Amino acid sequence: MVYGITVAMATKPWFSITAEQMTPDHLSTGSSSRKGDLIFIVNPKGANGRTGKEWKKLLPFVRSRLGKNLNICESLTSGPCHAIDITREAIREGAEAVVAVGGDGTLHEVVNGFFWAGKPVAAHDKEVTRTTALGLIPLGTGSDFARSFGWNNNPREAVERIATGLKSRIDVGVISEKDGERHYFINVADIHLSAKAGYYASMYKRFGNLCYVIGALQGFYGHRNRDLRIKVDEGEWEVFSQVTAICIGNAKFFGGGMKITPNAHPYNGNFEVVILQNFKWYDFVLRGHKLYSGTHLSEKDVHSRSVQSIEVEEMEENSGVYVQSDGEHLGFLPKKFHISPAAIEMLC
Ligand SMILES: Nc1ncnc2c1ncn2[C@@H]1O[C@H](COP(=O)(O)OP(=O)(O)OP(=O)(O)O)[C@@H](O)[C@H]1O
């Protein structure tokens, strides 16, 4: 029996790098005379509690910088997945924008809140014609997605970016399981060792960036490279032997600053797929710095290509190949996945 994962991207580049300029004044008008709502979804526990503390200090600045034309609403998450529900509710209520305040996990949940039952969430009021935009104040441990844009964890700079009102359409990958459940990713989806390491790293966030080292060490325990079959852009199946990890990048960084998919651009309608084969633990010691600098693509046993779709199938039964989406553990490869395209507007 063959198990698998299917990853598909846009059948065509559905947009170029176009950006739309919207002033804060424009943001506030909408279709009614009421001020628009700007919802900040804050993970108070992000970055080991630093997110909550920074947010408290930032809120007066947010109100003074953005509050003239927009209603500033803060919503603190109470636990995992809460940000998904808050986002859906905010969009249904016709919010101008939903801003994730936290790390990649919070951003991932907010992005997932933009969709419901395979479709973008829309405002209840049919007269609201605006599309709710996504915003980000990166304040997490890794904040890897922000790195692709060169953004740091300076929250005031993030507020200034939001204040410009500049929006761009940005790619989002959709992972559909066989039973119809969907997961969305905005940064990187990955399979096997990296996903296993990420799974363990998430348990040690209290140690800051050290969590990625601890996660990698635990990931290696019991790890075995696997033969996998891969189909790209609806082409022929190819066998990749001794795969260590497959990373499907919408953006460039994961794992706390590893530039794993250095040619990925979240605007171009494609994923960059990087496949590591035959890696042993000492390869990460000897060649690990190249993964951080993004210079690993020319290395032996590293394969990279730009794809619109990719399917991956396991050639052994029940081998326990981990899969994650933006760092969220999705289970193991025997679940059949399909990934297809979507896009949302982002304030950047
Ligand atoms: N109130 C809460 N208590 C505990 N966990 C929460 C709470 N709110 C959200 N979470 C969970 O915390 C996870 C991690 O949060 P977040 O990504 O903001 O910070 P981080 O892990 O420090 O940063 P990064 O993901 O960039 O490394 C989220 O995926 C979310 O499920």
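What follows is a short walk through a predicted model, from the overall fold to a helix, a core and the ligand shell.

The protein is built from nine helices and 19 strands. Of its 348 residues, 46% count as buried. Contacts often link distant parts of the chain: among those with a separation of 6 or more, 77% join residues 24 or more positions apart.

Helix 3, spanning residues 82–92, makes a handy starting point for a closer look. Its buried residues are A83, I84, I86, T87, A90 and I91. These cover an arc of only 165 degrees around the axis, so they end up on the same side of helix 3. That fits a simple bit of helix geometry: with 3.6 residues a turn in an α-helix, residues three or four places apart point the same way. As for what lies over the buried residues of helix 3, the cover includes strand 3 (36–42), strand 4 (70–76), strand 5 (97–102) and helix 4. Just past the end of helix 3 comes G94, which takes a positive phi of about 85 degrees.

Next comes the nonpolar interior. The largest nonpolar core has 87 residues, and I41, V98, V99, V101, L134 and I246 are the ones with the most contacts inside it. Domain 1 (3–11 + 178–342) and domain 2 (22–165) both give residues to this core, which is why it lies between them. V101 shows what the surroundings look like for one of these well-connected residues. Setting aside residues up to four places away in sequence, V101 touches F40, I41, V42, N43, T51, W55, I137 and L139.

Another residue to look up is V273, found in strand 14 (residues 271–277). V273 has 23 other C-beta atoms within 10 Å, and 20 or more are enough for a residue to be called buried, so V273 counts as buried. Beyond its neighbours within four places in sequence, V273 is in contact with I246, I248, S304, R305, V307 and I310. V273 and G249 are 24 residues apart along the chain, yet their C-alpha atoms are separated by 6.2 Å.

Finally, there is the ligand. It is surrounded by 23 residues, and the closest of them are G46, G102, G103, G105 and G140. Helix 4 (residues 104–113) supplies the largest share of this shell, with four residues. Sorted by class, the shell around the ligand holds 16 polar, four charged and three nonpolar residues. Helix 4 thus turns up twice in this account: in the shell around the ligand, and among the elements that cover the buried residues of helix 3.

Technical notes
Residues numbered from 1 in each chain as written. Predicted model: local features only at pLDDT ≥ 70, side-chain atom pairs only at ≥ 80, totals over all residues. Near = placed C-beta within 6 Å. Helix = DSSP H or I, 4+ residues; strand = E, 2+ residues; numbered from the N terminus. Nonpolar A, V, L, I, M, F, W, Y, C, P; charged D, E, K, R; others polar. Buried ≥ 20, exposed ≤ 12 C-beta atoms within 10 Å, placed from the backbone. Contact = placed C-beta atoms within 7 Å. Arc of directions from axis to C-beta. Core = buried A, V, L, I, M, F, W, Y, C linked by C-beta atoms within 7 Å. Domains from an automatic or database assignment.
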